[in-house]
Every structure is written in structure tokens, then in C-alpha cells.
Protein chains: 2
Amino acid sequence: MAEAATAAAARAVAQRPPAMRWWGWGDPTHGASLPQHALRFLRETVGSGAPRPPVALANVRLEPSRLRAEVLAALRGVVGADAVSDAHGERVLHAAGKGYPDLVRLRRGEPEGAPDAVVWPADHEQVAAVLALCGRESLAVVPFGGGTSVVGGVAPLRGSHAAVIALDLGRMGALLELDRSSLTVRVQAGARAIALESHLGGLGLTLGHFPQSYEYVTLGGCAATRSAGQSSTGYGSFEKLVLGVRLAAPAGELALPALPATAAGPSVRGLLVGSEGAFGVISELSLRVRPQPADRSCEGVFFESFAAGLAALRELAREHALPDVARLSDEPETRMSMALAGGGAGALAARLYLGARGYGGGCLAIFGFEGPAGEAAQRRARARALVRRCGGLRLGAAPGRAWLRSRFEGPYLRDELLTHGVMVETLETAAQWSLVPQLHRSVGRAIAGALSAGGTPGLVMCHVSHLYETGASLYFTFLARQREGEEIEQWQQAKRAASDAIVAGGGTITHHHAVGRDHRPWMAQEIGAQGIAALQAVKAQLDPAGIMNPGKLLPSP
Amino acid sequence: MAEAATAAAARAVAQRPPAMRWWGWGDPTHGASLPQHALRFLRETVGSGAPRPPVALANVRLEPSRLRAEVLAALRGVVGADAVSDAHGERVLHAAGKGYPDLVRLRRGEPEGAPDAVVWPADHEQVAAVLALCGRESLAVVPFGGGTSVVGGVAPLRGSHAAVIALDLGRMGALLELDRSSLTVRVQAGARAIALESHLGGLGLTLGHFPQSYEYVTLGGCAATRSAGQSSTGYGSFEKLVLGVRLAAPAGELALPALPATAAGPSVRGLLVGSEGAFGVISELSLRVRPQPADRSCEGVFFESFAAGLAALRELAREHALPDVARLSDEPETRMSMALAGGGAGALAARLYLGARGYGGGCLAIFGFEGPAGEAAQRRARARALVRRCGGLRLGAAPGRAWLRSRFEGPYLRDELLTHGVMVETLETAAQWSLVPQLHRSVGRAIAGALSAGGTPGLVMCHVSHLYETGASLYFTFLARQREGEEIEQWQQAKRAASDAIVAGGGTITHHHAVGRDHRPWMAQEIGAQGIAALQAVKAQLDPAGIMNPGKLLPSP
């Protein structure tokens, strides 16, 4: 049976969030990690500028808070005196997510705005009470979990309202219930993925959700944005993990119990998952967990081309031999990885080994297998045999280890590149297998073309990050020298070109970064005018005053 | 790449639907199959009445069609003169689905009503034009696929409208596109599951969807009702097969392309799947297919108790060793199967075999495994080892063959039982593993209690029909002597008791029969007042005049 979590277990999961750099990503004590030879490689390829560190926090300019003292006092009356702040530092920390334009603006000390206050409710009831107050006072509400959105999902937009608050779920991190028989947990939505995973590990369980933002991201944020993680080919993207949801909407509570399956009409669960704070605040979640895998491995495979690798991935899907982690870099990304790995002995050995076998260019793949002992071993063996038949060359566990070591490092590297005047951005899509090769080419060309047209030719690379029976996702990374003073315009041109190419090529505008503000212009092409109208009707019902996260997800009616 | 289907392929799938008994289930030429000993067993246990065959078709009483001649002519102007009918026979054939109360009323010659006309559009554009006409003329529209609903989903209710038409998708059965690379097909929504499966078989592919209504059901109907089939533990229920949908709604078209995955906001796909004709008419679908399994087997296993069997099923889920077909009968259903199998040599041998091993009562399970050669064999071997550890006794392939032979016979048997004055009804739910044992007991008791209270003590039996990582479905069958002249009240009492017990026990009101009219009173408990309000808002947007399938799915606003 389901058991209420003990107070100790609830507390163990409800750690306060770790500190986060206000101007960039992650742990403020994290050191630089971009090696000199990598910087040299970038200078030679895309160029770089003079180092440009972020301004000092005190120099970040914010408009004064618009909140009247009575309103601040009323908010404090709901959540407690120490759970509301309009201090400069907190407002800056909640002024933006972690997208490229966010960081450009923050580093300059010029965020587009900031919430007029930050509010930390403790539970569903406090969230509901805050929403009621915000409705009465015409305050826009931006739900704020880990604050890791890269698509403007937590931008402090107030729309037509008097002011805007960030509703930080940092105090709502408790484990509420554990059902070992059903393999489910119930948590407050502000619980961090890393804290829950760590607690589950002690119980021999795992959630299995590892987005690149893993160290900061909240489970509510994962649900609200349809997150996918590095093991989601095996564990399923976050929507597959959500069995029950509790939403605090301005119109009232919407609670869906945990069910393994149902045919009771259209999926209301599917409406709340991916709602990005526009319908209300996800306050609690019931999630599927799994036993810790008894067997776990991660290895590298080399394919002579991206096309050959794609064909092998498709066969793995067809033969029910999918790895749990499956990544296939294209030729440019593979070259870049080698260059970043530098002249070390390992890279040299790899190049010699591959050269001896006639692999000049080629593409690196990482395959991770985990699961119950017999199952994972048998699947791995079938996958290996199939990969061999498809021309793949096994490189052993070293590339797997290297990837595992560095898999959360990307955002730290981005900060360093920004300091050196290099723009780096990522974007992603998914499409049916038959469309993937052409989509890979057309999106790559669109980005490269936009960068060149702006006078800053760049590097564009890509990897397949998630596999499905009928298709796969593509994850693009691009770098270019920043156009100083025009960083945002430069980014917008590349982003727009990529998004247009994605939609034209039959891909989804986003496979796992969500919609936020940045993908909103393409939503009508994704779901059509009636799809937009249907979701707007849901919003009008659940959030009649339109206070929830305005300017995100859906165009205004 | 996706290829448009050839005209021959399109036609091959678009067979006209097979004939269907107007008063019951299936092929009018199907003979009686209830053996004498089974009838004797029923007489001895629940009792039975004097044979009561259905009335003659000509004696079915209908009110005259409410459609004015001009409106009939206008409908004919849209779809063609021979694609509209208000003939008595067609109206009777579209007067109800195939639920127990439907059959009771039809056999008496007293359906609750009938559509004022039946209309057969040929494509999406004709559907849209018919809906526009119906909006102008205040005609309610009941989308009609296979007509197999057992929950009142196709009841010809006109709500507040002037009249009601059945929109039969029988002319919309074409295969539109085949994408062998992505393993997807695009079909018109009126295509029959059996016709598509047969065509795919010739191409080495399968959809893998086999509900008990398989021989008649349309793919659009499966999507609109979140159908599950006998192999859905392996292939996934129908919602997992739907990648793209095209809906003709009174407000306009809603088209969602086929995507393997997306994070672009709330799932509009999930809103259309399960919409039961209340938002519009699903006109086209993109569906996932799979290669035909190279390996396929089906076998029986005996457990000493339902509890022991449940524990084994849960372990199979936990260890990633789930069969594709997984059914576990409880003790009463197992006894009933043995009794129906009668005194044949096979049944006798089975009983002797089990008796020799100390199995007196016990429970029969059927496990089917299919998939790529190595995969299915390895999974079967792991499952067998696990079942053995859990105390399961393998019975070999004979019970599997027997089940496969008779798996679409249930509805035919029901007709025979009705002729003998025996009520038989089925209902189903799903819940988390931790709730399943208690739910099995409480729902069983509720049904038995209601039958006894009405003076007709019955037989109540159950099997687990679909497995998930976090839970399972329960499928109840009950029989009792009909209370002559009060058949509907008798049914209502049992149905209400069962539904109340399901919701009270944490189960979903329906795992795969859908909501229709019969489960509508429990929807508010399933998704809450705000869940209802959100779906009503979607309906108001897509179907502003409320002409689509009134009285189903959602309470009236």
C-alpha cells in the first residue's frame, strides 16, 4: 500500500535549492574547465573577442518594485513574513531563465525586467491563496521552479497586469508518499530531481530522469515543460512518468489521481503536463519510479557517417533493442568533440585506432544500457550484434565514461565561451524517421546561412538525442563569434531561421525545451488555429483573469 | 519517405463493412455455440428462463423521421443521393450500440429512439460540409464507426436539437499513406481494424490492435474511445498508436501532423484521442505500425490463487519481462472456463494434471509473447523463470490455443444467453498495483450484492486484462437470471453499484470501454469539477452549437 512519507524522508528530499550564479549557470564555486587548446581551436574556427566578464551584481539595473506596501503585506500575510522578498538580489535571481539571450542581458546588467517580488509558498493551499490575492490585485504570476528554462519560460512578463511576482516553489520540496508496491511516489512540485533521485537511490529505486539541468531542475518544472532527460529513450520522457497531478488554478483546484491507464475521455493529465504555468501552478505530482538497474553500462560506437548511424538507430528501434541512452553525433559534432578532447593520449589512441580501420571522418555514438540483470544484458547483446551488422565499430567503455563525466558540463562551458565573446546556443526538434535526414540538413543549413549572412560564419553541429519507434529527436548546437552590441539580433536571426526550417521540414518546434516565449510564434503552425483556440479556451476557464505566466506558450486571444 | 497509397491499396483497406445483426452481435450467419452442458451449468447456478428470441425487424417500432424533406435533400446535395437514408432498416441498425441495455431494448423491438437519418460522407471535406449543414439546421450528429460501443456512445440522442443524424464513416475506409521507413500509416478514420490488419499482413507489418470488437471496429472509433486490445500490454493501447489526427469540428479543422514526440505545450492529441465524437469527427489518423512478429507464442499458466497470480504479474512488470498478451482469471472465472469447456478430454486431462500437483482451485493465466525473434524468445524465457519462482505452473500451448480460438466469441455467447433469459454484462477498470486486490474484492462484492438484493443472485468473475508498470486493469463479467420486464432496472442497479465501488476504490471508471452515456455520471469524480469545466470549454470552442454527440462524455454545462 501507499505509505505517507516519514517526516525524515520528507525533509531529506526537501533540501533547499543549491546556490546558482545570477549571471549564468550553476554552482558559483565551479571552476573554469575550457582547456587552452579548445579555446585556440575556437579562435581559429569562429574567432573570439576580448574577455568580457559579467558586470557586478550591484550594477544590475532594475526598475523599482511596482508592488504597493499593502500588497506586499498581504502576500506576507499568506505565506509568512520571510517568504516574500523584493530585495535586489532575489529579483535579479528571478529576472530570467538560462537561455542565451537571458545570459547576454544579465551579463550586461540589463535584464528585460524583474519580478516585482518573489514569493515562496509552502504548500498547495498557500499557492491557491496567493493566486486568489494576485487575481484581486491584478498581479501576473510566473511559476518558478529551478529557473532553468532556456526558452524564456520564466521571463517576468506582466502582460496587462499591474505587476508581476515570481512564485518560487523552493519551499515545496517534500516527499509526500511512497508506494513500493505500485512503484510510485507523490511529491510536492518544488522537489528537485537530484534530491528525489538521491533519496530514491537509498531505497534501491530510481526516477531515471536526467535532463542537462538535472542539478537544479524541479519535478514540477519537468512536468510543466514536458522535459526529456538523457536516459529518456529508456525511461520515457517526463510525461510518461506523471501518473497524477494536482494543479492550483485561479479558478480552483484540479486534482487527478495516480492511474496506470484510463479511457475516461480526453486526457486532462496531458493538458496539465506541458501547461508551462499558463493554466495554474502544478503543486503536487504522482510519479512512476523503477528499481535501480542491476546492470548498467555505457559505451562508444563509431559509424562511418551520420546516415549509417541513423540507419542503425532505426534498426535498433525496429528490433526492440533500443539503448536507454542513445546519442549519435553528426560529423561536425564528432570533430568538435575530438578537438575539445585535445591532444591527450586517449584521443590520440582513438584516432590511431579508427584510422587503422579506415575511419577518417565518421560519427561517434554513445549507447547506455540499464535494467534488470538479464534484460539489460540480453538487450545489449542484441544491440551490439545489430550495430555490427550495420557497420558500427565498438569503441568500448572509455567514450561512455567520458560522456558520463562531462554530461552536465555544457552550461558551464557556455558561460566561459560567452566570456570569450563566443555565442553558443542549442535547439532541438523531433520528426519521423523518413524526415530526419533531410531535416538535419535543412536546419543545419538554415542556421549556418543565418550566421554567415550576419557576417559571423559559425560552427553548426547536431546529435540525435532520443529515439522512438517512429522517429528521433535532433539536438543542434551552434557557435559563432558574437556580434558585439548586436548579440540579441544575431541570436534572433539564427533562431528564426532554424525554427522556420524545423516547421517547414515536418519537425516539432520543440522536442524537450518547451515553448516558453521563444517558440510561441511557431505554435499556430504546430497545432493549428483551432488547436490554439482549444487551449486558449482551457486557459480562459482555469485562469479567467489571465494572470498565469502571460506572454508564454499561447498567443494572446 | 512516406508514399501515397496506391489506388489498389487504398481500396483493399476500404472494404465495405461486413453485415451486422441489428438485434445483437456480429455476423448474421454465425451459428449457436453455447454447448448444452454449459447451458445446464448456468441453469443450475443462476437459473434461466424460457427462450425469448428477438422480435422481427419489421416489428421494431420507430417514430417517424423528424427530418424535413428539404433538409434530407440538402444532405443528399452534400454527400450524394445514395449516401443518405431514412429507411427503417438503416435507422434500426444505427439506433444503438451493443451494450446490454441496447440489446435488451432492440430484442424487444423498442429502442430508445433512432437517428432521423443516416448519412455516409466520403471524406473529410464532406464531413465538414455535413457538420456545417447540421449546425444551420440544429441537427445533432452522432459519429458512427463500427457501432460497437457498449457504453451508449452511439445512442441517437438529440439533446435540445430538432433532430439527430448518425454520421456513418463506412465509406471513409481508405489507406492514404504508408511510410515504411518511419513505420507509420495514414488512414481515413472509417477504416476497419480488421481490414487494415489484413492489408498490413501482406506487407509484413501489423498494427497489433485486437479489441474484442475487432471484426467490426473502425480505427476512428478506437481513437475516439481510447480503445485497448488483447495485445495492448505489448503494443500499447490505442492512444499509443495515434501519432497524428485530423478532426472535422463544427468550428473548423484541427489537424495535428504525425510526430514521434513533442514538448510543444499541452497535448492537443491527447484531447482528441478519447473525445468520443463530442468535439467533432475524427476524419483521418496517422498510426504507428510494427513489423510482423517473427516469433509468436501463447501459453497457459496456473497459479494457486488470484493473489499469487497478481504478485507474479507485478514481478513481470518490475523485471521488464511483460508478455504482450497477459490475462489472469480469478477463481470464479477459472471455474467458469472449466465448466464451459465441459467434460471434453482436454479439460479432463487438465484437471487430472493439476489435481496431481495439488492444485484444487486456482487461477488460469494466458501469456502471449511476440516480437523480433531473439527479443521475444529471451523475454519469454525470463518470464517463464520468474513465473516458476512465483509458483506458477506452465500448462503449455493448449490453453493459449483455446483462448486464441474463442477470443472474439464473447459477444455471440451473450446473444445466446439473452435468448435464454440470462443477463450477462462486462465492465472494467484499472488501478495502481497496491489497490488492485482490494478493488477486485470490493467491486465483485458490490455487483454480487446488487444482484442478490434484486432477487437474482448471480455469478461474478474477473480477469486482469492489461498490465502496466504501476498497475493493472480488472475486467469483470457477471451473469444472472433476467428479471423479466425489469431487465434495465436490474442492470442499472448492478452497474451503479459497480461504478460507485470502482471510484471509491481508487480505480478509473473505465480502462477501455470509454465513457459514452453510461459512465458520464462518474466523470466528475474522475477528473473533478475543474477538469469537467476545462473539457466543456474545449467543447464550447470546437462545437459552439453543441451538436456533436450530445448527452455523452461530459455533463451538460
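Biologist: What makes strand β19 of chain A count as mostly covered?

Modeller: Bear in mind that this is a predicted model. Buried means under 20% relative accessible area, and 10 of the 11 residues in β19(A), residues 471-481, are buried. Hence the description "mostly covered".

Biologist: How do you know that β17(A) and β19(A) pair?

Modeller: Pairing takes at least two bridges, and 11 bridges join β17(A), residues 422-432, to β19(A). The two strands run antiparallel, and A:T429 stands opposite A:L474.

Biologist: And what about β18(A), how does that strand pair with β19(A)?

Modeller: In the antiparallel sense, over 7 bridges, where at least two are needed. One of the facing pairs is A:C462 with A:F476. With 3 residues between them, β18(A) and β19(A) form a hairpin.

Biologist: Let's turn to A:D102. Why does A:D102 have no salt bridge, and which side chain of opposite charge is nearest?

Modeller: The nearest is A:R517, at 4.3 Å. A salt bridge needs a side-chain nitrogen of Lys or Arg within 4 Å of a carboxyl oxygen, so the 4.3 Å to A:R517 does not qualify. A:D102, found in helix α5(A), is buried all the same.

Biologist: Then what makes A:R517 a contact of A:D102?

Modeller: Contact asks for heavy atoms within 4.5 Å, and A:D102 touches A:R517 as well as A:A96, A:G97 and A:S149, leaving aside residues up to four places away in sequence. For A:G97, the backbone nitrogen lies 3.4 Å from a polar atom of the A:D102 side chain, which fits the limit of 3.5 Å for a polar contact.

Biologist: Over to chain B. Why are β1(B) and β10(B) called edge strands?

Modeller: The open sheet has 6 strands in the order β1-β6-β7-β11-β9-β10, with antiparallel pairing. β1(B) and β10(B) each pair on one side only, and that is what earns them the name. β10(B) is joined to β9(B) by 5 bridges, and B:R246 has B:A255 as its bridge partner.

Biologist: Which strands does helix α6(B) touch as it packs on the sheet?

Modeller: β9, β10 and β11 of chain B, with the helix direction at about 40° to that of β9(B). Helix α7(B) lies across β6, β7 and β11 of chain B, at about 145° to β7(B).

Biologist: Back in chain A, which residues of helix α7(A) are buried?

Modeller: A:A193, A:A195, A:L196, A:E197, A:H199 and A:L200. Their cover includes α1, β6, β7, β8, α8 and β11 of chain A. After α7(A) comes A:G204, with a positive phi near 75°.

Conventions
Residues are numbered from 1 along each chain as its sequence is written. Chains are lettered from A and ligands numbered from 1 in the order in which they are written. This is a predicted model: local features need pLDDT of at least 70, side-chain atom pairs count only at pLDDT 80 or more; totals for chains, interfaces and linings use all residues. Side-chain values use heavy atoms; hydrogens and water are left out. Helices (H or I, at least four residues) and strands (E, at least two) are DSSP runs, numbered from the N terminus. Buried means under 20% relative accessible area, exposed over 50%, partly exposed in between (1.4 Å probe, protein chains only). Lys and Arg count as positive and Asp and Glu as negative; His and the chain ends are not counted. A polar contact is a pair of N or O atoms within 3.5 Å; within protein, one must be able to donate a hydrogen and the other to accept it, and residues adjacent in sequence count only if both atoms are side-chain atoms. Axes are lines fitted to C-alpha atoms, for helices over the stretch in contact, and angles run from 0 to 180 degrees between N-to-C directions.
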